[in-house]
Amino acid sequence: MESEAPIIRVENLAVEFVDAGAKAHALRGINLALRVDEIHGLVGESGSGKTVTAMAIMGLLPSSSAKIVSGNIQLKEESLLSKTEEEMRAVRGSKVSMVFQEPAKFLNPAFTIGAQIAETVRQHLGMSRAQAKTRARELLAQVGLGSDGRVARSFPHELSSGMKQRAMIAIAISCEPEVLIADEPTTSLDVTLQAQILGLLKSIKESRRMGMLFISHDLGVVREVADRVSVIYAGTIVENGPRDRIFEKPLHPYTALLLRSIPDPRKKGKRLAAIQGQVLDPKDEPRGCVFAPRCPLAKERCFIEKPECGTHELDHASACHYWEESWKL
Ligand SMILES: Nc1ncnc2c1ncn2[C@@H]1O[C@H](COP(=O)(O)OP(=O)(O)O)[C@@H](O)[C@H]1O
Ligand SMILES: [Mg+2]
C-alpha cells in the first residue's frame, strides 16, 4: 500500500512557558506526522507535553503565557501557525476537532445535547434548522446514543459520564473533520466504558477518511487503538514507529521501561517495575539526552551529546545513542 502524505505534519515544534521569570520547556522541538486512516497514539507520562502538542495544533495555547519558539504545523498545504485567530476558528471544528478528557467542561450545561450539535453544524456547515436537527439525531445514533431523540432532548447533567463522552465525540465529528484529536478521552471512565469508547473511536476511524491523534499516559490503552505510536518524554519524541514494532521491540530505553510497567493480566499480583528517578524539570536544559539521568543504559556520551530521533529500522525511529541495546532491558 502506498502511503499518502501526512495530513498533519508537526516539525521541530518548541514551546516554552514563562514561569516566575524562568523558561519552562514544554516542547523541545518535536516532529509528528499524522496520516489519513491512521490512529496515531501519543503516549508519555503526565507533564511530558501531550496536551501542549494538541493545543498547539488546535491553535489554543494561551497566548499570554505560551511562546512558540520554533517550528511549523502543516495541515496538508496550509501552515497553521501563520493563520490569524479568526482563520483558526474556521479550522477548528470543520477541519480539526478535539475531544477532551472532561466532557463536562466542554458541554454547555444550559443547552440540550441536540441543540449543541445542531448549533455546531449550522455554524460550520450552514445547515437549516431542520437539517441540523436531523443531522444531530443521525450523529447521536452513530455514537451509540440511540435514534429516538431522547438523548437529543437531554441536558448534559442528565447523562452518565460515558454518555457525555459519546455526546462530545458526536459534536467533534459533526462537521466531518479531517483530523480528530482525542486527549485522554477515557482516562476518567471505568474499564468497561473505556473499552466501549475505544471501540467507538476505532469504528469512527474505519467509517470515515480521517486521521486521529489519540493521546494517553497509558501505553496499555494506546496498544488497544493505535496503528502508529509516538512516545514523548520531557517535551521530546523519543521513539516513533508502527504499533507492533514498538511493543515487540522498543528501540528506546524509556519505552522499554514503560512497557514493563503495563500490568500483565497473566501475572496477577506481580509488582510493576517503576521507572527510577525523577522526571526532568521543564526548566532544565540538558546538553545531552533528556532521559539520561533516569536511564539504566546511560553512558558518558548520553550526557554530552543529544541523540537525534533517527530511523534505525524500517519505519521505526528512536532518539537513543544505544538503541540497539534498548529492547533487552
Ligand atoms: N498553561 C500553562 N502554564 C505553564 N506551564 C504549562 C501550562 N500548560 C502546560 N504547562 C507545562 O508544560 C508541560 C507539558 O504539559 P502538558 O502538555 O499539559 O503535559 P501532559 O503530557 O500531561 O498533557 C508541563 O511541564 C506543564 O507544567
Ligand atoms: Mg494532558
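1. Helix H10 and its surroundings. In this predicted model, the buried residues of helix H10 are covered by elements that include helix H8 (219-225), strand E9, strand E10 (236-242), helix H9 (243-248) and helix H12 (323-326). H10 spans residues 253-260 and is mostly covered, with 6 of its 8 residues buried. Those buried residues are Pro 253, Tyr 254, Thr 255, Ala 256, Leu 257 and Leu 258.

2. Strand E3. Strand E9, which contributes to the cover of H10, also pairs with strand E3: the two run in the parallel sense over 4 bridges, E9 comprising residues 228-233. Within this pairing, His 40 has Arg 228 of E9 as its bridge partner. E3 is joined as well to strand E8 (residues 211-216), again in parallel, by 6 bridges; here Val 43 stands opposite Ser 216.

3. Burial of E3. Strand E3 covers residues 38-43, and 6 of its 6 residues are buried. Neither face is left open: Glu 38, His 40 and Leu 42 are buried on one side, and Ile 39, Gly 41 and Val 43 are buried on the other.

4. The antiparallel sheet. A separate point concerns the open sheet of 4 strands, ordered E2-E1-E4-E5 with antiparallel pairing. E2 and strand E5 (78-79) are the edge strands; each has a single partner strand, so one side of each lacks a neighbour in the sheet. E5 is held to strand E4 (residues 66-75) by 2 bridges in the antiparallel sense, and Leu 75 has Glu 78 of E5 as its bridge partner.

5. The shell of ligand 1. Which elements give two or more residues to the shell around ligand 1? The shell consists of 15 residues, the closest being Phe 17, Ala 26, Lys 50, Thr 51 and Val 52. Strand E1 (8-19), strand E2 (22-34) and helix H1 (50-58) are the elements that each supply two or more. H1 gives the largest share, with 3 residues. Two of these elements, E1 and E2, also belong to the antiparallel sheet of the preceding point. By class, the shell is made up of 6 nonpolar, 7 polar and 2 charged residues.

6. The nonpolar core. In soluble globular proteins, nonpolar side chains tend to be buried together. The largest nonpolar core in the model contains 86 residues, and those with the most contacts inside it are Ile 57, Ala 170, Leu 180, Ile 181 and Phe 214. Helix H6 (residues 161-173) provides the largest share of this core, 8 residues. Which residues does Ile 57 contact, leaving aside its neighbours within four places in sequence? Ile 57 is in contact with Ile 8, Ile 73, Leu 80, Val 96 and Ile 181.

7. The chain as a whole. The secondary structure of the protein chain amounts to 12 helices and 12 strands. The radius of gyration is 21 Å, close to the 20 Å that the globule rule gives for 329 residues, so the chain is as compact as a globular protein of that length. Along the principal axes, the C-alpha atoms fill a box of roughly 65 × 50 × 45 Å. Of the 329 residues, 41% count as buried. Among contacts between residues at least 6 apart in sequence, 65% join residues at least 24 apart.

Key:
Residues numbered from 1 in each chain as written. Chains lettered and ligands numbered in written order. Predicted model: local features only at pLDDT ≥ 70, side-chain atom pairs only at ≥ 80, totals over all residues. Rg over C-alpha atoms; globule rule 2.2 N^0.38 Å. Buried ≥ 20, exposed ≤ 12 C-beta atoms within 10 Å, placed from the backbone. Contact = placed C-beta atoms within 7 Å. Near = placed C-beta within 6 Å. Nonpolar A, V, L, I, M, F, W, Y, C, P; charged D, E, K, R; others polar. Pairing = 2+ DSSP bridges. Core = buried A, V, L, I, M, F, W, Y, C linked by C-beta atoms within 7 Å.
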